[in-house]
Amino acid sequence: QVQLVESGGGLVQAGGSLRLSCAASGRTFSSYAIGWFRQDPGKEREFVAAINWTGGRTGYADSVKGRFTISRDNAKNTVYLQMNSLKPEDTAVYYCTSLLSGNFIATMRSHQEYGYWGQGTQVTVSS
């Protein structure tokens, strides 16, 4: 069982940066891979990035490669998403979620494989 709370969203100009945090409660946080997804009204939920339980493996959507970096600090029960060179198309509600599957590589991009979701944090990028 994991409870997740996202923070760090806000309004930023194109080209700017934001750092999102996903704070977790529970004693089993370090056993879960964590993913970030985003969703805007009228669009499907979109995979952004994921990190496995050790932090040794990461995955990114093609649209954010080279701009976003996911990391985790298990001692603080927190996963971060550093977002640089933000674009208006990055505007969305961002969610963090815990992956239930043990096959990180095969399932990290599918929202149906995640079992615990936070309430989301709004990111708005102006042009």
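**Reading the disulfide, the sheet and R38**

Modeller: In this predicted model, the torsion about the S-S bond of C22 and C96 is about 70°, so the disulfide is right-handed.

Colleague: How do you know that C22 and C96 form a disulfide?

Modeller: A disulfide calls for two cysteine sulfur atoms within 2.5 Å, and because those of C22 and C96 are 2.1 Å apart, the pair qualifies; the structure holds one disulfide.

Colleague: What makes this pair a tie between parts that are apart in sequence?

Modeller: C22 belongs to strand β3 while C96 belongs to strand β9 (residues 92-99), so the bond ties together parts that are 74 residues apart in sequence.

Colleague: Why is C22 called buried, and why is C96 too?

Modeller: Buried means under 20% relative accessible area; C22 has 0% and is therefore buried, and C96, also at 0%, is counted as buried for that reason.

Colleague: What makes β3 and β8 a pair of strands?

Modeller: Pairing needs at least two bridges, and strand β3 (residues 18-25) and strand β8 (residues 78-83) have six, in the antiparallel sense, so they pair; A23 stands opposite T78 in β8.

Colleague: Why is R38 in strand β4 called buried, and how do you know that its side chain has a polar contact with that of D90?

Modeller: The relative accessible area of R38 is 5%, which is under 20%, so R38 is buried. The side chains of R38 and D90 are joined at 2.9 Å, within the 3.5 Å limit, and therefore the link counts as a polar contact.

How values were computed: Residues numbered from 1 in each chain as written. Predicted model: local features only at pLDDT ≥ 70, side-chain atom pairs only at ≥ 80, totals over all residues. Heavy atoms only, no water. Buried < 20%, exposed > 50% of the residue type's maximum accessible area, 1.4 Å probe, protein only. Polar contact = N/O pair within 3.5 Å; in protein donor to acceptor, adjacent residues only side chain to side chain. Helix = DSSP H or I, 4+ residues; strand = E, 2+ residues; numbered from the N terminus.
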